[in-house]
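Colleague: Please take a close look at one part of this model, the ligand site. Walk me through the surroundings of the ligand, then place the site in the protein as a whole.

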Amino acid sequence: MTSPFITLARPAIQSMQAYQVGKPIEEARRELGIAHFIKLASNENPRGPSPAVLAALATAAQEINRYPDGNGFYLKQILAERHGVDAAAITLGAGSNDILELIASAYLDSDTSAIYSEYGFLVYALATARSGAESIVVDACDYGHDLSAMAGAVKNNTRVIYIANPNNPTGTYTNHNDLVALLDAVPASVLVVLDEAYCEYINKADYPDGIALQKRYANLIITRTFSKAYGLGGLRVGYSISDPMIADMLNRVRQPFNVTSLSLAAAQAALDDDGYLAESVALNDAGMQQLESGLSALGLNYIESAANFITFETPCLASEINQQLLQLGIIVRPVANYGLNNHLRVSIGLENENAQFLQALTQILEPLKADK
Ligand SMILES: *Cc1c(COP(=O)(O)O)cnc(C)c1O
């Protein structure tokens, strides 16, 4: 019998499923009896946090009996200066995931629709579904967003278009010209959310400067995070840059103290530590090359990635390869929930972690080769 607590929920929630996260490493360790796992599953910075951040956290910890500054005054000030924007344009969130949800809470309901790409970051589908709005999913083009098709999919009731640049889980990115063409094509009443969670890693001449474009297009919202290149995934802090009136709407729906005092202090310290960021990006560049050449040597196709992970094709069902990698102590991310049943996503790790992943993959693929 269906529980009444399902049918009592809002219809939009009844048809949803919760976001699936990986098992805690401790649990995997216990189940598989493996002492040391290499975790390449969540696109985290593999270097550990910056020492400057750890020092700032120790200081901030002295005052965790106090509520945080609900406006994040100092962090906004630093961000405003760094990006050349007004502090009133900035909204802080518990991770940029929070911001993506705030946009849905403020602008989507059952009378509206939102557009995102096939293989687009899963949170867009979740935020849209939760709001009760219609999801318009536009077919991908070579695993990337098809921006002209997305612009063409706009309906009268469309309020939001979500674009990940680069996208997770495919690592594809959208170039300046395609983005500008979309911004020129869609009505100003449609909010275009440009999710730049991995922008620190990308070094391409045609990668759009989202913040500069935001100054030209008032309906553009840029989201950023401290979870990836800045190494603060566990602290949950991100932000958006938007028209100040959009920021006002987002601030109306957010929790008054959505970003903790520790997160605020850590983010400020992280922004100050340019060395950590530069070293992280350099490590990622080297790791990307290492994984690309390793995958190529194994004869595996991969989707060219501009981020800190790479999604590759598996010669048989990805779930089987994933299981065998787990047995060998390597945790990667299956992407079947994106409709990619023959791909796995691996985050760029430290050099020795990448090497151990490639070695495990070689070991797993060896008997498959012999079969052919
Ligand atoms: C990881 C990720 C985010 C951000 O996550 P937060 O930790 O909530 O900031 C946002 N968008 C994409 C595409 C991501 O992969």
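Modeller: A polar contact here is a pair of N or O atoms within 3.5 Å. Keep that cut-off in mind. The model is predicted.

Start with Ser 227. An N or O atom in the side chain of Ser 227 lies 2.5 Å from an oxygen atom of the ligand. That pair is a polar contact, because 2.5 Å is within the 3.5 Å cut-off. Tyr 198 also takes part. There, a side-chain N or O atom is 2.6 Å from a ligand oxygen. Then comes Asn 168. Its side chain places an N or O atom 2.8 Å from an oxygen of the ligand. The protein covers 94% of the 380 Å² of accessible area that the ligand has on its own.

Now the shell. Gly 95, Ser 96, Asn 97 and Phe 121 are among the residues that surround the ligand. Asn 168, Asp 195, Ala 197 and Tyr 198 are in the shell too. So are Thr 225, Ser 227, Lys 228 and Arg 236. By class, the shell has three nonpolar, six polar and three charged residues. As for location, the ligand occupies the largest pocket.

Asn 168 deserves a second look. Besides its side-chain contact with the ligand, Asn 168 precedes a cis peptide bond to Pro 169, with omega near 15°. Pro 169 belongs to the loop between strand 5 and helix 9. That loop also holds Pro 166; strand 5 covers 158-164 and helix 9 covers 176-185. The bond from Asn 165 to Pro 166 is cis as well, with omega near -5°.

One more backbone feature, in another loop. Asp 142 has phi near 50°, a positive value in a residue other than glycine. Asp 142 sits between strand 4 (134-138) and helix 8 (147-152).

Last, the whole protein. There are 15 helices and 13 strands. The C-alpha trace spans about 60 × 55 × 50 Å along its principal axes. The radius of gyration is 21 Å, which agrees with a compact globule, because a globule of 372 residues would have a value near 21 Å.

Key: Residues numbered from 1 in each chain as written. Predicted model: local features only at pLDDT ≥ 70, side-chain atom pairs only at ≥ 80, totals over all residues. Heavy atoms only, no water. Near = heavy atom within 4 Å. Polar contact = N/O pair within 3.5 Å; in protein donor to acceptor, adjacent residues only side chain to side chain. Areas by Shrake-Rupley, 256 points an atom, 1.4 Å probe, with all protein chains shown as cover. 1 Å grid on protein atoms, 1.4 Å probe; cavity = no way out; pocket = protein on both sides within 12 Å on 5 of 7 lines; lining within 4 Å. Sits in = over half its atoms within 2 Å of the grid points. Nonpolar A, V, L, I, M, F, W, Y, C, P; charged D, E, K, R; others polar. Helix = DSSP H or I, 4+ residues; strand = E, 2+ residues; numbered from the N terminus. Rg over C-alpha atoms; globule rule 2.2 N^0.38 Å.
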